[in-house]
Amino acid sequence: MALNRFVVLGRAGMDLYADPPGAALDEAERFTSALGGSAGNIAAGLARLGAGVGLLGCVSDDAVGRFVLRQLAAYGVDAGHVRVVGEGRRSSLAITESRIAGLQGVLYRNHAADFALSVADVEAVDFTTVAALVVTGTALAAEPSRTATFRALERAWAAGAMTVIDLDYRAYSWQSEAEARKVCAAAISLCDLTVGNDEEFGLLAGGVERGRDFAAALPMAIYKMGAEGSETFVEGHAFRSGIFAVDALKPLGSGDGFLAGTLAALARGEALPAAVRQGSAVAAIVVAGIGCAPAMPRLPALLHFIKEHDHAHRAV
């Protein structure tokens, strides 16, 4: 990438974690707050790793929306293209736990503020100044955000910026699987890089058993396989990457960390295999830490982790 600046489009909200770590949500006596939402987490991860990054989205005109804006500023994320919206719209609120077994979570997405993103919001962005536009699939699930997201992809593509989609399929956001399949398929036709897991590529392919072949046919795709690592496809070629074995505190945030780590490494000039490996390291750090955005590492800590845990990197 010629530039080290990103625009991340999508939702940013508030996370509340049952505290102390390991406590069940319904038995918690207190909660800790953090920036949340897939786009918010990715943006925070990129910023922590030294990239310039701005969020393109909407937050609610209330205390939660103001919390999100302050958190973005604290992470060094430019919120100049985050619009505050009223009309009863609410920023997302996720209440969850820091544990693996029996993980519980409650997500409030009623009249979601991020779905208010408009074409006018997108037109205000100068995509010639960014290396890449990163969109999350949830932004495609409802209007006017859907049309705005397509417009952002078109404008970024025309400006020569790399276009990236994290499929981020959340069934509850969509009217049907058929709708999600059709809309996401149209979006990936405008993307240089598509990132997803077996369920997400399976959705697009019409069956999990066909997901890998679907990913392999794309110009560039990263197929995430959980504990089995990932497989990256680039113009007919493929390579596998393992994971870094850690004692995970929670399963949340790994995908956001993976994408942030991979893209930040590419922006620093790393080759794709090395970038994916660094993405895997960020994912491991995040699942072993408290919160998602707060667990995103800075570059020195990431490089130290890779050096110290290289023996724990599972080759595939």
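Cys191 counts as buried, because its relative accessibility is 5%. Its sulfur forms no bond with the closest cysteine sulfur, in Cys184, because the two are 9.8 Å apart. This is a predicted model. The structure holds 0 disulfides. The chain has 10 helices and 13 strands, and buried residues account for 56% of its 316 residues.

**Cysteines**

- A disulfide is a covalent bond that links the sulfur atoms of two cysteines.
- Cys58 is buried too, because its relative accessibility is 3%.
- Which cysteine sulfur is closest to that of Cys58? It is the sulfur of Cys184, 20 Å away, which is too far for a bond.
- Cys184 also holds the closest cysteine sulfur to Cys191. There the distance is 9.8 Å, again too far for a bond.
- The cut-off for a disulfide is 2.5 Å between sulfur atoms, so neither 20 Å nor 9.8 Å meets it.

**Overall fold**

- A compact globule of 316 residues would have a radius of gyration near 20 Å. The chain has 18 Å, so it agrees with that expectation.
- Along the principal axes, the C-alpha atoms fill a box of roughly 50 × 50 × 35 Å.
- Take the contacts between residues at least 6 apart in sequence: 70% of them join residues at least 24 apart.

**Surface and charge**

- About 12800 Å² of the chain is exposed. Carbon and sulfur atoms supply 53% of that area.
- Side chains carrying charge number 27 positive and 34 negative.
- How far apart do the centres of the positive and negative sets lie? They lie 3 Å apart.

**The loop between S8 and H4**

- This loop runs between strand S8 (132–136) and helix H4 (145–159), and Thr138 is found in it.
- Is Thr138 buried or exposed? It is buried, because its relative accessible area is 3%, under the 20% cut-off.
- Neighbours within four places in sequence aside, Thr138 is in contact with Arg11, Arg109, Phe115, Leu167, Asp168, Arg170 and Ser173.
- Pro144 is found in the loop between S8 and H4 as well. The peptide bond from Glu143 to Pro144 is cis, with omega near 5°.

**The other cis peptide bond**

- Asp19 and Pro20 are joined by a cis peptide bond, with omega about 5°.
- Where does Pro20 lie? Its place is the loop between strand S2 (13–19) and strand S3 (30–36).
- Most peptide bonds are trans, and most residues other than glycine have a negative phi.

**Positive phi outside glycine**

- Glu87 is not a glycine, yet its phi is positive, near 55°.
- Glu87 lies in the loop between strand S5 (78–85) and strand S6 (93–96).
- Glu87 counts as exposed, because its relative accessibility is 76%, over the 50% cut-off.
- His111 has a positive phi as well, near 50°, and is a residue other than glycine.
- Which elements flank the loop that holds His111? Strand S7 (105–108) and helix H3 (119–123) do.
- His111 counts as partly exposed, because its relative accessibility is 44%. That value falls between the cut-offs of 20% and 50%.

Note on methods
Residues numbered from 1 in each chain as written. Predicted model: local features only at pLDDT ≥ 70, side-chain atom pairs only at ≥ 80, totals over all residues. Heavy atoms only, no water. Helix = DSSP H or I, 4+ residues; strand = E, 2+ residues; numbered from the N terminus. Rg over C-alpha atoms; globule rule 2.2 N^0.38 Å. Buried < 20%, exposed > 50% of the residue type's maximum accessible area, 1.4 Å probe, protein only. Contact = heavy atoms within 4.5 Å. Areas by Shrake-Rupley, 256 points an atom, 1.4 Å probe, with all protein chains shown as cover. Lys, Arg positive; Asp, Glu negative; His and termini not counted. Charge placed at Lys NZ, Arg CZ, Asp CG, Glu CD.
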